[in-house]
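The exercises below are meant to be worked through with the sequence and the 3D view side by side. Try each task before reading the solution that follows it.

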Amino acid sequence: MNYLSVENISKSYGERTLFENISFGISKDQKIAFIAKNGSGKTTIMSIINGLDESDTGNVVLRKGIKMAFLSQNNNLQDELTIEESIFASDNEILKVIKAYEKALEHPEDEETYQKAFDGMDRHNAWDFETQYRQILFKLKLEDFKLKVKNLSGGQQKRLSLAIILINRPDLLILDEPTNHLDLEMIEWLEAYFAKENITLFMVTHDRFFLERVCNEIIELDNGKLYSYKGNYSYYLEKKEERIASENSSVDKAQNLFVKELEWMRRQPKARTTKSKSRQEDFYEIKDKAQSRRKENKVELEINMERMGSKIIELHKISKKFKDHVIMDNFSYDFQPGERIGIIGKNGTGKSTFLNLLTGALPLDGGKVVIGETIKLGYYTQSGINPKPGQRVIDVIKEYGEFIPLMKGKMISASQLLERFLFDAKKQYDFVDRLSGGELKRLYLCTVLIQNPNFLILDEPTNDLDIVTLNVLESFLLDYPGCLLVVSHDRYFMDKIVDHLFIFRGNGEVENFPGNYSDFRAYEDSTDVAQKEENKAEKKDWKQNNPTGNLTFNEQKEYQKIEKEIKDFEVQKIAIEQLFTDGKVPDNDISKKAKELENINNKIEDREERWFELSAKIEG
């Protein structure tokens, strides 16, 4: 069933054309990711779909009776409402059903109205609505229901907007960067929720793990054309590579033909026959094809890095707290040359604060930071670039000089440098305030890197960057010879760039973990299994001394069966994980085994939920 159709939409601003004649459809149960470069109009397309902007041509058709919701990057909440009041202020059909039921209870003599309201509660499964919305709020760390919107952080407001949408359960959900401002725990919960729920999605996201595990189709806008891939992110990468190879092969053939036709054109007399005029027209088509080879995006910057001495940065028992909130507690570390460290942890555990302590942007409560004499810091913060009014892109770079020094005495002009950061000649003279969010981040990154740091600190560098730019940034950082310290919620990025982690656990606890993010998750999962086995053993001992009298006979049988099932599934899970760890999964079986592992994890989660429900009845 088709839910929504986008038909030949276009959008221009003055002489600048964002996109032309874009068409696609969204059908029931599709989970579509929309991929395009920054500045090509992703957010504009989302706004047009949701009626917040108008296209110059074409139209958007939503199927009658389909309920659609939009999670934008800008929150649309009322400041004076509390978290719970915001839930009840939303346009939720279930709330109307509950209100009708409550009104019917006031007039029990009206049996027909009461029965209609009662049936409505059953039909919409509204009896457990309060439990459902409170569970989602707890999952999104919004436990203080009486807190007003105006007192929430930007991240909390984003999570509240997400909670309202999930609670309202729309038929079609449009998401613009849903994982921004979520910590890793919440991203993984949301990922599992979307993967499991029968919900139709259309989203823009740069989170490639999210794309891999949630989406079943990817639509890409590339050089003004739409391409559709019926699969997840891995499938998209494979098929896109095949498409580009095919396109380049066609261009190569056109170039060979162009050389022959060019020679013919030069030989022909001025007077031409009808046949030769037709060949002339074909010649210009061949010429366009021959000159259409795509430009591969690659940041080329030869860092003129200062030589590192033996002393990099030493942290000696550093401490920091805000009132009773402990961020660092006597933390010590001695950075080594070439280290690539990632920082992960829940929101509020002090990741960005740690970077500000290290760079001197915040004062320490105790301890000291010793920075080696040869160390030159480059600090990319979340605050981004602050351009002057009316400033153009090239003016930002020229503040560092008309010419920028590179390695081995080489020099490069400001314009040439911008080209290497994917700003073409036309874009360089755009006003900075016209750039997209991702383009602003790319320009800011350029200003950090051209200062030739040998210790690079990046705080959430992947936010607002498109996937093309992310791949470019990763390629650059893989070749970066200095020290690297990164805070990021982008698991794919962290796996590729860092080789060990600082885990911020909260309350000043920081764990040094040798490995990337996937290594850490595998370790955590194996630890969880061991802990669960220990907990189950304790439960078994407790159960021997506590009868299950509160359970029915069938529930007692189910309770015992679930314990055995969970144990069996966990044994299967460990076995598959060990195959991946040992590299014993054949390439053609990786997708199959990964799906099998995902199914086992889902079964364990379902069984554990039921086990806890029955346990609660025993305790009651």
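**Exercise 1.** Determine how many of the residues of strand β6 are buried, and describe how the two faces of the strand are covered.

*Solution.* Begin with the strand as a whole: β6 covers residues 172-176, and five of its five residues are buried, where buried means under 20% relative accessible area, exposed means over 50% and partly exposed lies in between, with a 1.4 Å probe and protein chains only. Helices (H or I, at least four residues) and strands (E, at least two) are DSSP runs, numbered from the N terminus. This is a predicted model, in which local features need pLDDT of at least 70 and side-chain atom pairs count only at pLDDT 80 or more, while totals for chains, interfaces and linings use all residues. Residues are numbered from 1 along each chain as its sequence is written, and side-chain values use heavy atoms, with hydrogens and water left out. Next, separate the faces, remembering that in a regular strand the side chains alternate between the two faces of the sheet. Leu172, Ile174 and Asp176 lie on one side of β6 and Leu173 and Leu175 on the other, and all of them are buried.

**Exercise 2.** Find which strands pair with β6, and in which sense, parallel or antiparallel.

*Solution.* Two strands pair if DSSP finds at least two bridges between them. On the one hand, β5 (residues 68-71) is joined to β6 by four bridges in the parallel sense, with Ala69 standing opposite Leu173. On the other hand, β7 (residues 200-204) runs parallel to β6 and is joined to it by five bridges, and here Met203 is the bridge partner of Leu175.

**Exercise 3.** Place β6 in its sheet, and explain why β5 and β9 each have one side without a neighbour there.

*Solution.* First write down the order of this open sheet of six strands, which is β5-β6-β7-β3-β8-β9, with mixed pairing. Because β5 and β9 (225-229) stand at the edges, each has a single partner strand, and one side of each is left without a neighbour in the sheet. From one strand to the next the twist averages 15 degrees. Turning to the antiparallel part, β8 (residues 217-222) and β9 pair over five bridges, and Asp222 has Lys225 in β9 as its bridge partner. Finally, helix α6 (residues 154-168) packs on the sheet and touches β5 and β6, its direction making about 170 degrees with that of β5; contact means heavy atoms within 4.5 Å, and angles run from 0 to 180 degrees between N-to-C directions, with axes fitted to C-alpha atoms, for helices over the stretch in contact.

**Exercise 4.** Locate Leu182, decide whether this residue is buried or exposed, and list what it touches.

*Solution.* Leu182 is found in the loop between β6 and α7. Because its relative accessibility is 0%, Leu182 counts as buried. Leaving out residues up to four places away in sequence, Leu182 touches Arg159, Leu162, Ile187, Leu190, Asn347 and His489. The C-alpha atom of Leu182 is separated by 8.6 Å from that of Leu140, although their positions lie 42 residues apart along the chain.

**Exercise 5.** Describe how helices α3 and α4 pack.

*Solution.* Helix α3 (residues 93-105) and helix α4 (residues 111-123) pack at an angle of about 150 degrees, and their axes are 9 Å apart. Among the residues that meet are Val97 and Tyr101 in α3 and Tyr114 and Phe118 in α4.
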